[in-house]
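This briefing covers helix packing, nonpolar cores and strand pairing in one predicted model.

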Amino acid sequence: MILVAVELTRRRGESHAPPTDAGESLEELAVLAESAGAEVAGKVLQSRPAFDQATLLGSGKVQELKEMTAALEASAVIFDHELAGTQQRNLEKALDCKVLDRTQLILDIFASRARTREGQLQVELAQLNYLLPRLTGRGAAMSRLGGGIGTRGPGETQLETDRRRIRARIKKISGDLDHVRSSRGVQRRQRQAVPLLTLALAGYTNAGKSTLFNRLTQAGVTADARMFATLDPTVRQLVLPSRRRVLLSDTVGFIRQLPTTLVKAFRATLEEVTEAALVLHVVDASSELAPEHIAHVAGVLAEIGAGGTPQLLVLNKVDRLGGPPAAVVRRLAGEQTAVAVSALTGEGAGGLLEAIDRALPADPVSEALFRFPPGEARQVHLLHEFAKVLDEQYDEQGTLVRAAAPESVQRRLAAFLVH
Ligand SMILES: Nc1nc2c(ncn2[C@@H]2O[C@H](COP(=O)(O)OP(=O)(O)O)[C@@H](O)[C@H]2O)c(=O)[nH]1
Ligand SMILES: [Mg+2]
């Protein structure tokens with residue numbers, strides 16, 4: 001994968017325009033590409049006074065890029081800009097490889113991360129809305145090909161059919177979304193049946209969420225992953241100092257230059273955060289933009305209904321501060337509970353786990369008796385996983401288990417409790 005960005009050089013008389021931060025944006029694109037599972041083989045940054053209409057880049061740069069693509073055997077080129085349909089096609093032809101733009105990459109990440117029904121629908125809606133005008137572009141090219149013979153060649157008919165199908169799908173999704181929203185309360189209650197408290201990592205892309213996710217769950221990954229075989233790789237269990245087990249979920253990151261067309265899809269994808277018992281708001285404390293990022297993330301969390309969820313501010317990358325983090329913590333945290341860590345070096349990780357323990361709602365353990373009819377081995381297994389089994393007896397009516405179990409587990413297995 002090769003990444004390309006164009007930096008617009010300032011023209012005379014425009015010296016007050018904010019500098020376009022193409023370099024930083026390209027760095028963010030690299031993190032996004034990696035989180036989508038791509039390997040970044042190279043980056044290209046070109047300065048130009050304006051975008052080229054046909055290919056975004058100048059023709060010399062396109063040729064250079066073609067050679068680079070061939071030499072690195074790159075499977076695709078991602079542009080850090082929104083490409084028009086014609087630009088994308090021109091570039092694919094010129095480079096002889098797949099071309100994506102920033103919006104497509106982000107949509108791809110959202111699609112792989114959307115867990116709630118609403119999130120999935122919003123992402124599909126955004127994908128279709130992205131596609132629709134690009135089909136039109138292809139149609140224009142085709143009718144030009146057709147010349148005076150008539151504008152409705154076979155390609156055009158197909159295009160009309162495609163367009164109609166997409167519009168119908170958009171309409172259907174919009175209807176479904178209304179329905180999903182009205183039944184959201186029901187879904188939430190169902191999801192609360194998950195036997196463990198969930199912590200959600202939230203924050204900007206590049207803040208270090210995934211690094212922290214790996215750091216914290218390293219010790220928590222058990223050989224017996226059967227319970228979580230169905231969960232995606234962005235959810236793992238974590239053992240806290242109190243020996244409580246919780247689930248840690250790595251959510252989709254905030255993006256600095258989120259195309260406005262994707263805002264709704266992003267918020268819907270983030271919706272799972274509202275289900276969390278605790279939000280770990282991760283910030284790159286070494287970034288100059290940290291205060292803005294903190295405020296923005298807090299604002300969005302409140303807007304999606306997670307404002308009331310307990311939050312812990314995690315000031316990450318303190319290894320880059322070059323001094324004791326106390327002053328930065330004071331400056332960035334304000335009234336909030338905050339913990340300074342370095343996900344990279346592990347500094348502060350123990351303190352973070354303790355802070356999580358303190359911030360989480362209590363899930364007290366008490367002794368209880370359960371009776372499982374035959375055929376409920378899964379539930380018995382659940383108890384072995386999440387409770388301390390004190391005694392287990394078998395008879396023709398099934399399995400009788402006495403266990404010290406957290407309240408959340410008892411709630412989950414309420415149907416089997418013996419009173
Ligand atoms: N110096 C330093 N770099 C870090 C730290 N945590 C993460 N990083 C780096 O920051 C980049 C983004 O990290 P990642 O975990 O992918 O961020 P995410 O987008 O929030 O998931 C990677 O290059 C990490 O190696 C840290 O504590 N210190
Ligand atoms: Mg990540």
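H1 and H4 pack at an angle of about 35° with their axes 10 Å apart; axes are lines fitted to C-alpha atoms over the stretch in contact, and angles run from 0 to 180 degrees between N-to-C directions. The model is predicted: local features need pLDDT of at least 70, side-chain atom pairs count only at pLDDT 80 or more, and totals for chains, interfaces and linings use all residues. Residues are numbered from 1 along each chain as its sequence is written, and side-chain values use heavy atoms, without hydrogens and water.

**Helix pair**
- Ser25, Glu28, Leu29, Leu32, Ala33 and Ser35 of H1 meet Arg102, Leu105, Ile106 and Ile109 of H4 (contact: heavy atoms within 4.5 Å).
- By class, this contact of H1 with H4 has 6 nonpolar, 2 polar and 2 charged residues.

**Nonpolar cores**
- The largest nonpolar core (buried Ala, Val, Leu, Ile, Met, Phe, Trp, Tyr and Cys joined through side-chain atoms within 4.5 Å; buried is under 20% relative accessible area with a 1.4 Å probe, protein chains only) has 40 residues.
- Those with the most contacts inside this core are Leu3, Ile78, Phe110, Leu270, Val273 and Leu301.
- A second, separate core of 25 residues includes Leu201, Leu280, Ala343 and Leu353.

**Strand S5**
- Of the 6 residues in S5, 5 are buried.
- S5 runs parallel to S7 (residues 245-250), joined by 4 bridges (strands pair if DSSP finds at least two bridges between them).
- S5 also pairs in the parallel sense with S8 (residues 278-284) over 5 bridges.
- Leu199 stands opposite Leu248 in S7 and opposite Leu278 in S8.

How values were computed
Chains are lettered from A and ligands numbered from 1 in the order in which they are written. Buried means under 20% relative accessible area, exposed over 50%, partly exposed in between (1.4 Å probe, protein chains only). Helices (H or I, at least four residues) and strands (E, at least two) are DSSP runs, numbered from the N terminus. Ala, Val, Leu, Ile, Met, Phe, Trp, Tyr, Cys and Pro count as nonpolar, Asp, Glu, Lys and Arg as charged, and the others, Gly among them, as polar.
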